Amino acid sequence: MVEKSNTDVVERRRGSGVKLVYDILRDEILDLKLAPGSSVDEVLLAERFQMSRTPIREALVRLAGEGLIETLPNRSTLVSNIDLLNLNTYFDALVLMYRVTTRLAAQNHRPDDLVAIRELHSQYAATVEARDLRDMIAVNAAFHSAIAEAGRNPYFTGLFRRLLDEGRRILRLYYNSYDEQFPQRFVDEHAEIIAAIEARDLDLADHLGKVHGEQIVEQVQRMFVRNQKLDIKL
């Protein structure tokens, strides 16, 4: 048996530390616990997590790669602001992914896909009833990711997950606009989408995905930007 060197052990611990810091900071940024534009200080983070600055710095590099933090010319590091100027292009991509993933799920789903989708639908309904904003956003993303997976196109699935992640801060503001009085229609729309997928009704699934995505976009646009929608016939 070959014993692992001290270097191997240190590297594993450092890798675990990087993931810990990355996961916690990423959630705090996406949940708006760390506000857009707020300072990110390596020294304070090292004190907070009780580790050296090396894993802290590596975690920040990962977050910067995802566009969640940015380093300014004076070398100060900040939580990235929400890019309001480019929201329309983000919305175009988001609605298109709602449509194409729902349509492909209607075409390519398997029985076990529907089991997973229905389970997440039940979880989402419970979060709406409990008015649990954080879990609502997480389960909603998992629900639509499961639909994307049922479409059997990993490129679309990966892109949609990325868009859903990038939009978590926007969705937080979106749900906050309801003052925690979340409408039941979100749950009802999910149920209609599931029924269309199960029936393998591609056009209806496409339409419902479009309606579901656009009503979210329109609500956010009323808060931020003028309405400019991309309408593509698939």
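D27 and R168 form a salt bridge in which the closest N and O atoms are 3.4 Å apart, where a salt bridge is a side-chain nitrogen of Lys or Arg within 4 Å of a carboxyl oxygen of Asp or Glu. The pair links distant parts of the chain, since D27 sits in helix α1 (residues 6-30) and R168 in helix α8, 141 residues apart. Here helices (DSSP runs of H or I, at least four residues) and strands (DSSP runs of E, at least two) are numbered from the N terminus. The model is predicted, and for that reason local features need pLDDT of at least 70 and side-chain atom pairs count only at pLDDT 80 or more, whereas totals for chains, interfaces and linings use all residues. Residues are numbered from 1 along each chain as its sequence is written, and side-chain values use heavy atoms, with hydrogens and water left out.

The two partners differ in how they are covered: D27 is partly exposed, with a relative accessible area of 28%, while R168, at 16%, counts as buried. These words follow fixed cut-offs, buried being under 20% relative accessible area, exposed over 50%, and partly exposed in between, with a 1.4 Å probe and protein chains only. A second salt bridge joins D31 to R134, with the closest N and O atoms 2.7 Å apart, and this pair also links distant parts of the chain, D31 being in the loop between α1 and α2 (42-49) and R134 in helix α6, 103 residues apart. In this pair D31 is buried, with a relative accessible area of 6%, and R134 is partly exposed, with 37%.

A third example is the salt bridge between the side chains of R103 and D206 (3.1 Å, N to O). R103 lies in helix α4 and D206 in helix α10, so this pair ties together parts that are 103 residues apart in sequence. D206 counts as buried, at 6% relative accessibility. Salt bridges that share partners join D27, D31, R134 and R168 into one network, and a search of the whole structure finds 19 salt bridges. Side chains of opposite charge can pair when their charged atoms come close.

Looking at the chain as a whole, one finds 10 helices and two strands, and read along the sequence they follow the pattern α-α-α-β-β-α-α-α-α-α-α-α. Of the 234 residues in the chain, 43% are buried. Contact means heavy atoms within 4.5 Å, and among contacts in the chain with a separation of 6 or more, 75% are between residues 24 or more positions apart.

Many buried residues can be discussed through the nonpolar core, which is a set of buried Ala, Val, Leu, Ile, Met, Phe, Trp, Tyr and Cys residues joined through side-chain atoms within 4.5 Å. Of the 45 residues in the largest such core, L94, I117, Y124, I147, F160, Y174 and Y175 touch the most other members. The elements giving two or more residues to this core are α4 (87-108), α5 (111-130), α6, α7, α8 (168-176), α9 (185-198) and α10 (202-223), and the largest share, 11 residues, comes from α4. Apart from this core lies another, of 17 residues, among them V21, L25, L30 and F49. In soluble globular proteins, nonpolar side chains tend to be buried together.

F160 leads us to helix α7 (residues 154-166), in which T157, F160, L163 and L164 are buried. They cover an arc of only 130 degrees around the axis (taken from the directions from the helix axis to the C-beta atoms), which puts them on the same side of α7. On the other side of α7, P154, Y155 and R162 are exposed. An α-helix has 3.6 residues a turn, so residues three or four places apart point the same way. Leaving aside its neighbours within four places in sequence, F160 is in contact with L94, M97, Y98, T101, H144 and A148.

Helix α6 (residues 133-150), which holds R134, has 18 residues and reaches 26 Å from its first C-alpha to its last. That span is close to the 26 Å expected, the expected value being 1.5 Å times one less than the number of residues. α6 is mostly covered, with 13 of its 18 residues buried, and the helix is followed by R152, whose phi is positive, near 65 degrees.
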